[in-house]
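Q: Hey, can you walk me through how the chains in this one fit together? I'd like to go through it bit by bit.

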4 protein chains.
Amino acid sequence: MSTPPVTTAAATAASREAFYQRLDARSMAPLWTRLKSLVPKDPTPVGVPCLWRYDEVRPYIMESAEHISAREAERRVLILENPALRGSSQATGTLYAGLQLIMPGEIAPAHRHTQSALRFVIEGSGAYTAVDGEKTLMAPGDFVITPGWTWHHHGNEGSGPMVWLDGLDIPMVAHYNATFREDHHAEAAEIARPTGDALARYGSGLLPVGYRAPSLNSPIFNYPYARTREALHALTRAGDPDPHLGHLMRYVNPVDGGWAMPTMAPTIRLLPKGFQGLPFRSTDGMIFVCVEGEGAVEVGGQQMAFAPRDVFVVPGWTSYRLRAGVDTVLFSFSDRVAQEKLGLYREERSPG
Amino acid sequence: MSTPPVTTAAATAASREAFYQRLDARSMAPLWTRLKSLVPKDPTPVGVPCLWRYDEVRPYIMESAEHISAREAERRVLILENPALRGSSQATGTLYAGLQLIMPGEIAPAHRHTQSALRFVIEGSGAYTAVDGEKTLMAPGDFVITPGWTWHHHGNEGSGPMVWLDGLDIPMVAHYNATFREDHHAEAAEIARPTGDALARYGSGLLPVGYRAPSLNSPIFNYPYARTREALHALTRAGDPDPHLGHLMRYVNPVDGGWAMPTMAPTIRLLPKGFQGLPFRSTDGMIFVCVEGEGAVEVGGQQMAFAPRDVFVVPGWTSYRLRAGVDTVLFSFSDRVAQEKLGLYREERSPG
Amino acid sequence: MSTPPVTTAAATAASREAFYQRLDARSMAPLWTRLKSLVPKDPTPVGVPCLWRYDEVRPYIMESAEHISAREAERRVLILENPALRGSSQATGTLYAGLQLIMPGEIAPAHRHTQSALRFVIEGSGAYTAVDGEKTLMAPGDFVITPGWTWHHHGNEGSGPMVWLDGLDIPMVAHYNATFREDHHAEAAEIARPTGDALARYGSGLLPVGYRAPSLNSPIFNYPYARTREALHALTRAGDPDPHLGHLMRYVNPVDGGWAMPTMAPTIRLLPKGFQGLPFRSTDGMIFVCVEGEGAVEVGGQQMAFAPRDVFVVPGWTSYRLRAGVDTVLFSFSDRVAQEKLGLYREERSPG
Amino acid sequence: MSTPPVTTAAATAASREAFYQRLDARSMAPLWTRLKSLVPKDPTPVGVPCLWRYDEVRPYIMESAEHISAREAERRVLILENPALRGSSQATGTLYAGLQLIMPGEIAPAHRHTQSALRFVIEGSGAYTAVDGEKTLMAPGDFVITPGWTWHHHGNEGSGPMVWLDGLDIPMVAHYNATFREDHHAEAAEIARPTGDALARYGSGLLPVGYRAPSLNSPIFNYPYARTREALHALTRAGDPDPHLGHLMRYVNPVDGGWAMPTMAPTIRLLPKGFQGLPFRSTDGMIFVCVEGEGAVEVGGQQMAFAPRDVFVVPGWTSYRLRAGVDTVLFSFSDRVAQEKLGLYREERSPG
């Protein structure tokens with residue numbers, strides 16, 4: 001070793017900077033200037049807590065029918081966009097949510113895409129979703145699945161407007177850059193099986209001998225609220241709720257007992273009258289719908305009251321508490337199933 | 001090597017025999033004298049086809065109540081013993097079946113054992129099975145599970161006799177020499193959960209978040225016939241039956257989508273009016289119950305007509321054909337689940 | 001209710017007996033006279049502890065070559081028959097074991113059967129097993145699998161006799177009455193892949209992308225002792241052995257991480273010098289081979305010393321303790337994998 | 001209906017726009033103006049094909065040691081940043097890659113993070129990675145895993161520089177906003193198990209009886225190249241390569257037979273001399289390292305020649321062909337495992 005390297009701080013900084021410039025020309029960069037931001041200590045929540053009161057939102061939904069038809073819109077949906085993520089079409093860091101309206105006599109034309117979609121019915125009657133050759137009639141509280149890459153369309157054969165919440169994994173599929181989409185040659189895809197076939201075949205405690213599932217989604221594509229509600233109320237007779245979460249159930253794929261969908265984790269819970277939940281947080285950002293009852297969520301120092309049909313968001317890794325004035329049912333969904341499969345899911349319970 | 005061995009046939013036979021004698025003294029034996037019988041070309045069916053007409057059997061069941069009480073008998077059951085396996089308490093090579101009677105006001109006292117049991121309800125109302133702290137009321141056509149090593153007892157709170165078919169894996173558990181049994185200190189084990197809790201919790205398309213199954217059996221322990229029947233009839237609207245088997249469904253464990261029990265494979269099928277099944281055989285011996293309708297099974301050159309509540313057996317690897325005069329529902333169970341897990345199950349479909 | 005039933009004990013016994021006779025004519029039987037024997041409190045061990053000293057057995061093995069050729073015998077094997085189960089060809093309640101000899105130049109002709117077989121090599125070199133088109137050379141300590149229903153034959157291309165232990169699930173497959181067997185048209189089935197292919201392809205920490213296993217058996221069909229031995233000795237450097245079982249490892253199916261075979265559970269263990277195992281029992285009857293070292297097993301009040309190549313049996317649910325004078329390696333197999341799948345396996349550890 | 005809505009195009013456009021403004025104030029947006037961009041027909045590749053020639057890059061790597069120590073840098077890595085994704089620290093849409101240098105005597109201090117990391121060793125000897133209390137020595141071609149949330153550090157006890165490729169799921173974990181990170185109190189975490197323990201225990205065709213995996217990553221954390229190379233060459237003796245992909249193998253988790261890591265799918269392949277691959281594309285963007293041999297990849301109309309230690313990227317859903325002048329080994333990794341779990345993975349083979 002001949003000459004010792006120049007060691008004044010200025011020289012070092014300058015030479016490093018010059019080095020970085022030369023790296024840059026080679027499509028390289030020093031990790032050490034970025035490490036702390038690339039691999040931070042803890043998650044910084046993506047998006048903010050927010051709530052859409054249905055009585056405030058509903059006029060806009062109805063007005064949308066004056067501006068565009070289901071056919072022209074393809075899907076007449078008002079995106080619920082997180083106020084901190086404007087322009088992204090996201091409710092949370094990985095998920096999309098919107099409120100879809102279909103008017104009597106309309107059809108939202110058939111297409112398919114690699115994104116999986118869930119529907120949670122908010123109001124109305126007489127509309128249907130058709131998936132892979134079967135129609136299902138939708139009633140408030142029903143949970144409906146459109147598996148990725150299945151042909152689906154919607155129609156309203158009733159006499160009033162029908163509204164549901166759409167949840168899609170659009171941002172997640174975009175992250176993997178695996179979006180494919182195809183429009184059906186016909187407005188309505190062919191119906192090949194009677195209504196109720198999938199529920200009878202896959203959702204009655206039985207499965208056809210030798211059945212092989214065609215996808216990672218549940219073959220039951222409508223979980224009717226009547227049955228779900230009965231189950232939730234049965235739970236209240238058997239024991240106390242989880243002190244943080246209430247009586248919490250997940251929708252299940254009967255083929256393997258896992259989550260009903262591969263990318264989105266749908267759950268439903270009953271908070272008994274007077275429930276005062278203890279604080280909880282988890283790495284998955286959640287989108288809730290109030291189905292019955294009334295209560296409030298305390299999140300990020302903010303109190304948000306909710307009533308039936310309201311939609312609200314709790315960002316990931318943000319502590320929240322749920323309260324219920326009367327027996328209250330909340331539907332929710334998040335990316336928890338994806339995080340579990342990837343080994344990323346974490347949760348934290350606080351004593352209060 | 002000096003002297004060549006003696007090679008006359010007589011000498012050889014004699015010396016072999018002497019060798020076998022010397023082996024015998026060492027607890028050894030030549031495989032080559034036994035190979036063909038130990039490892040035959042094909043299965044020789046165990047047991048024979050047989051049928052118990054319920055109208056003929058019922059008087060005996062009722063008479064049994066005059067001879068012994070449920071308490072004294074512990075379980076007042078008439079074993080259905082395969083005519084070719086007398087003394088074995090077996091209906092097939094691996095399974096036990098019997099008809100159990102419980103009279104009003106009786107209790108069949110609580111015990112547990114490593115054998116799993118299934119019940120298929122034949123007649124009556126007002127009786128219950130209690131499993132692990134929950135009672136379920138039983139109605140005709142209900143399929144009820146008692147998982148291995150769970151406390152269970154039965155009672156009749158109705159006003160008439162109640163009869164069901166018991167299916168147990170007694171011979172299979174004996175084969176593995178893994179039988180354990182324990183009597184409960186009380187006649188009736190404690191009831192800790194409300195009736196219907198398990199069905200609500202595990203059989204509604206939902207599962208509690210974080211639920212871990214305590215055994216390999218389904219946590220749903222009563223699959224009510226009302227729901228099953230509706231599912232079977234829905235199938236008839238969606239397509240043609242399997243030409244050999246009819247509309248065949250299996251009872252499912254919601255935790256993993258597998259068979260509802262680890263040792264016995266319960267199925268139920270609808271044969272539409274006029275069904276003329278093509279020949280079929282499989283390695284599992286099967287026990288059938290006619291639930292509704294009427295028909296016949298042709299098996300081993302024999303024709304056996306069946307009506308509701310009749311029980312019949314088709315031994316393994318014996319070809320059979322099912323026929324139905326009217327819409328007919330058949331429950332059946334076998335050891336197919338065990339054979340599948342062990343890589344042994346085979347089936348064969350013949351064109352007719 | 002008119003007349004009360006006759007209640008003198010004699011009358012009761014007589015009328016019951018008459019009832020039983022009438023049941024018998026209908027292929028029925030009262031459960032209550034058999035319940036306690038059908039469903040006993042605890043397992044009564046099947047078979048007795050026993051040991052075959054290799055130095056005593058070897059002369060018989062070698063003599064067998066004078067009495068019959070491999071071709072004539074199909075498999076020249078001396079069955080190791082449990083002294084308490086003579087005539088059954090069983091070492092335990094569910095498993096068969098034997099010692100097979102193949103002489104230089106001989107071929108044990110190709111066949112297949114639904115039984116799975118394992119080989120544990122005892123002595124010699126130069127012989128091979130061919131499975132599904134691949135030959136594997138066998139060396140002492142190698143563990144070789146013949147999956148059910150795969151063509152296989154053996155040959156000896158060396159200059160001395162070769163002996164291995166055969167383990168088969170013959171009694172278990174017989175219990176399910178699912179035995180099928182076929183002889184190959186040629187003495188030696190065709191060899192289509194180079195020796196070592198399966199180990200390279202499936203046993204190197206890699207699997208071919210898209211590989212689907214054709215059976216429930218491991219696609220690695222020779223687990224060479226050199227690698228196994230190295231692994232066992234590595235364990236001794238990392239920590240203390242299980243106080244009951246020693247350093248116990250199981251052979252694994254790389255496709256799913258489960259046991260290497262669906263019906264037989266093969267394990268190998270190292271007992272460090274001076275090991276004094278605490279008492280243990282489990283519901284599976286076990287067949288052991290001493291590979292290296294020396295020690296003793298205390299079982300059922302009996303002490304059996306073992307040296308390399310000795311084979312011994314510990315019946316199920318029989319407490320035993322293992323001791324080792326020097327570093328000792330024991331191979332063993334049982335039906336534990338089947339019992340686990342069926343929910344029957346139990347074990348019990350005693351403090352000493 | 002009274003007055004028909006105003007229908008001139010201008011009025012419609014204006015009223016829609018006004019409606020959108022009012023929606024905006026409520027954190028809502030019309031889906032129909034965004035649908036086609038949110039759910040496009042096909043993926044538009046993220047990033048561009050690119051290659052870093054090791055002989056060009058190596059001087060920069062070595063120079064980095066003059067600018068910063070491993071201790072100061074925490075990890076002295078040059079990020080390989082996709083030229084079309086500058087500033088993102090990404091090589092593909094979901095993955096990070098970099099070249100890490102550790103000089104003799106240095107330690108890269110212990111930390112842990114929820115990101116999983118893989119290392120593929122490029123040059124040098126004498127360095128180690130320590131994971132969860134075990135050190136593994138690293139040699140060129142070794143594939144080393146650091147499971148998420150395990151303590152790990154690196155050290156160089158040799159006499160020359162050591163370089164490896166780092167692959168991390170940083171962008172994917174960021175997408176789920178599930179990044180946690182912790183620094184160890186000591187520079188080097190404690191070593192509790194001997195070197196080679198994990199490979200012996202989990203990578204020898206055996207697993208400890210009763211072993212439960214602590215994470216979704218393989219417990220083998222070094223897959224040595226010597227064994228991998230032998231396996232690859234064995235494949236060339238058994239049959240022809242896949243005409244698109246060559247002899248392609250995946251690194252496997254012995255606990256379940258799945259991919260070795262839950263978020264990144266590591267593979268290695270041998271292209272035999274003269275291999276001219278047919279076109280192929282899949283939804284996962286891939287990062288390759290040439291281990292041995294030489295060849296070229298044709299991708300996106302571009303020809304990129306590669307030699308040992310070169311790193312190159314093929315973006316997702318971009319058709320490519322591989323060619324090899326001599327027997328050539330390529331390591332690669334992508335997010336395929338995540339896409340498979342989420343139901344998103346697709347591939348397409350073209351005839352040429």
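Q: How many residue pairs are in polar contact between chain B and chain A?
A: Six residue pairs, counting those with both residues at pLDDT 80 or more. A polar contact here is a pair of N or O atoms within 3.5 Å; within protein, one must be able to donate a hydrogen and the other to accept it, and residues adjacent in sequence count only if both atoms are side-chain atoms. Keep in mind that this is a predicted model: local features need pLDDT of at least 70, side-chain atom pairs count only at pLDDT 80 or more, and totals for chains, interfaces and linings use all residues. Residues are numbered from 1 along each chain as its sequence is written, chains are lettered from A and ligands numbered from 1 in the order in which they are written, and side-chain values use heavy atoms, leaving out hydrogens and water.

Q: Ok, and how many salt bridges between chain B and chain A?
A: Zero. For a salt bridge you'd need a side-chain nitrogen of Lys or Arg within 4 Å of a carboxyl oxygen of Asp or Glu.

Q: Which part of chain B gives the most to the side touching chain A?
A: That's α7(B), with seven residues. Helices (H or I, at least four residues) and strands (E, at least two) are DSSP runs, numbered from the N terminus. That side of chain B divides into 18 nonpolar, six polar and seven charged residues. Ala, Val, Leu, Ile, Met, Phe, Trp, Tyr, Cys and Pro count as nonpolar, Asp, Glu, Lys and Arg as charged, and the others, Gly among them, as polar.

Q: How much area do chain B and chain A bury between them?
A: About 2,700 Å², 67% of it on carbon and sulfur atoms. Buried area is the accessible area (1.4 Å probe) that two parts lose on being put together, summed over both. In chain B, the residues losing the most area to chain A are B:Leu206, B:Val209 and B:Met249, together 23% of what that side buries.

Q: Which strands pair up across chain A and chain B?
A: Strand β15 (residues 247–251) of chain A pairs with β13(B), antiparallel, over three bridges. Two strands pair if DSSP finds at least two bridges between them. There, A:Arg250 sits opposite B:Leu207.

Q: What turn lays chain B on chain A?
A: A turn of 180°, with a shift of 0.0 Å along the axis and an RMSD of 0.0 Å. The two copies are thus related as by a two-fold rotation axis. Copies are superposed by least squares on the C-alpha atoms of residues with pLDDT of at least 70 in both.

Q: Switching over: how many residues does the contact take from chain C and chain B?
A: 80 from chain C and 80 from chain B, where contact means heavy atoms within 4.5 Å. These two chains bury about 7,700 Å² between them, 59% of it on carbon and sulfur atoms. C:Trp32, C:Tyr176 and C:Phe180 supply 10% of the area that chain C buries against chain B, more than any other three residues.

Q: And how many salt bridges are there between chain C and chain B?
A: 16. One of the salt bridges joins the side chains of B:Glu56 and C:Arg26 (2.8 Å, N to O). The two chains also have 36 residue pairs in polar contact.

Q: Which strands pair between chain B and chain C?
A: Strand β1 (residues 28–30) of chain B and strand β3 (residues 77–80) of chain C, antiparallel over three bridges. B:Met28 is opposite C:Leu80 there.

Q: Last one: how far apart are the closest C-alpha atoms of chain A and chain C?
A: They lie 16 Å apart, and no contact joins those two chains.
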